[in-house]
Amino acid sequence: MKIKSVFDVSEIKSELESAGINPNFAYPIWKYVIRNPNCVWDEIPSLPSPAYSLLHSKFKPLTSSLHSLFHSTDGATSKLLIKLQSGALVEAVIMRYDTRLGKYRGNPRLGGLRSTLCISSQVGCKMGCKFCATGTMGFKNHLTSGEILEQLVHASRLSDIRNVVFMGMGEPLNNYSAVVDAVRVMTRPPFQLSPKRITISTVGVVHAISKLHNDLPGINLAVSLHAPVQDIRCQIMPAARAFPLEKLMDALRAFQKNSQQKIFIEYIMLDGVNDEEQHARQLGELLKTFEVVVNLIPFNPIGSSSQFRTSSEEKVSSFQRILRETYNIRTTIRKQMGQDISGACGQLVVNQPDSNKPPRSVELITDIEDLHL
Ligand code: SAH
Ligand code: SF4
C-alpha cells in the first residue's frame, strides 16, 4: 500500500475526520514533524488516542527523503536532491542572502540571513520548451501537495526559508490543485509564509492564470514570456500554440486588474532568436500598459546538442536599456549563483546526481528576491 504524506492536506484531514477526530489536529502533527527529523508518531504529545493508530497505519512523517545535498563554495546556495516514494528524484534549491550586506534605497539592509527556496511541482514537464532540460525529459509525474510541501520541510531543517518560488522542475499550473493545496498550507501555521513571499512561475497556462488570484489571493505571478510575438514564442515554446499570446495577455490583464499586483516577466535571452533591438521594442509595446518587472535571463546551454546560444552581454544590456529608457519598464538581468554545484532546477535529475552541467534557473531568484523586500 502506498503510504500517504502527512502533509497531503486533503488526505490527512479526511482521514482524521473519518476517524471522528477534529481535522485541525493536522496542525500540531505538522509542527512536530517539522521540528523533529526523527519523528516517531507515539512521541507527538496530546493527540486523541485514535490518531496514533491512524498515523501508524496510513501515514509516514515524510514520504520523501533527502537523497543528496550540494553546497556551493561560497555557501550561498544549497541544492537538495529529494527522492520521492516512487524512487523519482526532484530538486529544490536554497538561496541564502545576507541582508546585512547590500543596500536598499541607499540604506543598509537589515534582518540577517534570509533564504529563498526554489521548488519542483512535477517530475519532468510536458510543455517541451526547447531551451529547457526539464522539457526534454517529457512528463513523468505530478507531485502530490504533500510531496511539494515536503521539499519545504527538508529545506527548513537546513535554513530559515522566507520565500518560496515554483521555478524548479515542472509547470506548476499543470498540477493546479496540488499546488493550490500546498500553497494554502504554506501560508498557515506552522509554516506561515506570507503569500507575498510565494511566487508561481508559469509558461502561461491561460485558464489557470484566470482563477489563480481567486484561489490564492496575494500570491506572486511570474510568467515565462520569452518572446514578444506569437511566432517566435511558438518556435521556442510549443505550449504557446495552445495558449496564444493574445489570450495570455488578456489573462494577465485580468489578473492584474483583480489582484492589483505587479507581474514578473521572465525573458530568456537567446542569441539571434529574441534578443534584437526590434524584439525589445515589441516587448516594450506589449508590456507598456502593465505593471511589470522584466527579468532578462542569460540562457544556460543545456548540453552540446542545444540549438541555442547565449546572447552577448552587450546585447542583453542594450535590450535592458531600451525597455528601461524608452518604455520605462523596470528591467533586471539575472545574476549568477551556485554555478559550482550546478544549482540548476531540473538539470541535475536529467543528468544524474553527480553530473557537472552548468546551472540554469537559480540565479533568477536573486532578482525576484530583491523585489520581495
Ligand atoms: N514551468 C515554469 C517554472 C519552471 S521553469 C516556467 O516555465 O515558468 C523556471 C524558469 O527557468 C523559467 O523561466 C524557464 O524559462 C527558465 N529556464 C528554462 N531553461 C532554461 C535555460 N536553459 N537557461 C536559463 N533559464 C531557463
Ligand atoms: Fe516546463 Fe518551464 Fe521547462 Fe518550459 S521552461 S519545459 S514549462 S519547466
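**Notebook: strands, helices, rings and a ligand shell**

I began with the pairing of strand β3 (residues 65-71) and β4, and I recorded 6 bridges between these antiparallel strands. The model I am reading is a predicted one. For a single bridge I looked up L69, and found that its partner in β4 is L80. The strands form a hairpin with 5 residues between them, and there G75 takes a positive phi near 75 degrees.

I then asked how enclosed strand β4 is. I noted that 6 of the 7 residues of β4 (residues 77-83) are buried, so this strand is largely enclosed by the rest of the structure. I also looked up K79, which lies over the face of F70 at 5.3 Å from the ring centre.

**Entry on strand β8**

I turned next to strand β8 (residues 113-118), where 5 of the 6 residues are buried, and I entered the strand as mostly covered. Its pairing with strand β11 (residues 161-166) is in the parallel sense, over 4 bridges. Opposite C118 I found V165 of β11.

**Entry on two helices**

Which residues of helix α1 (residues 9-18) are buried? I listed V9, I12, K13, E15 and L16. Viewed down the axis of α1, these buried residues fall within an arc of 165 degrees, so I recorded that they line one face of the helix. The face turned away from that buried side carries E17 and S18, which are exposed.

I made the corresponding check on helix α7 (residues 206-215), in which V206, A208, I209, L212 and H213 are buried. Down the axis of α7, the buried residues fall within an arc of 150 degrees, and they therefore line one face of that helix. On the other side of α7 I noted H207, S210 and N214 as exposed. Also in my notes is K211, which lies over the face of Y176 at 4.3 Å from the ring centre.

**Entry on aromatic rings**

How many aromatic pairs are there? I entered a count of 5. One of them is the pair of Y27 and W30, which is edge-to-face, with 5.4 Å from centre to centre and 85 degrees between the planes. I looked up where these two residues lie: Y27 and W30 are 3 residues apart in helix α2 (residues 26-35), so about one helical turn separates them. As a general point, an α-helix has 3.6 residues a turn, so residues three or four places apart point the same way.

Are Y27 and W30 buried or partly exposed? Y27 is partly exposed, at a relative accessible area of 22%, whereas W30 counts as buried at 1% relative accessibility.

I then examined Y267 and F319, whose ring centres are 5.1 Å apart and whose planes stand at 35 degrees, so I entered the pair as tilted. Y267 belongs to strand β14 (residues 263-269) and F319 to helix α12 (residues 313-326), and the pair therefore ties together parts that are 52 residues apart in sequence. I recorded both Y267 and F319 as buried.

I noted in addition a cluster in which ring pairs link F7, Y27, W30 and F191.

**Entry on ligand 2**

What surrounds ligand 2? I listed C125, M127, G128, C129, C132, G135, G170, E171 and V203. I divided the residues of this shell by kind and entered 5 nonpolar, 3 polar and 1 charged.

Key: Residues are numbered from 1 along each chain as its sequence is written. Chains are lettered from A and ligands numbered from 1 in the order in which they are written. This is a predicted model: local features need pLDDT of at least 70, side-chain atom pairs count only at pLDDT 80 or more; totals for chains, interfaces and linings use all residues. Side-chain values use heavy atoms; hydrogens and water are left out. A residue is near a molecule or strand if one of its heavy atoms lies within 4 Å of it. Ala, Val, Leu, Ile, Met, Phe, Trp, Tyr, Cys and Pro count as nonpolar, Asp, Glu, Lys and Arg as charged, and the others, Gly among them, as polar. Rings of Phe, Tyr and Trp (its six-membered ring) pair if their centres lie within 6.5 Å; planes under 30 degrees apart count as stacked, over 60 as edge-to-face and the rest as tilted. Buried means under 20% relative accessible area, exposed over 50%, partly exposed in between (1.4 Å probe, protein chains only). A charge sits over a ring if NZ of Lys or CZ of Arg is within 6 Å of the ring centre and within 35 degrees of the ring normal. Two strands pair if DSSP finds at least two bridges between them. The arc is that of the directions from the helix axis to the C-beta atoms.
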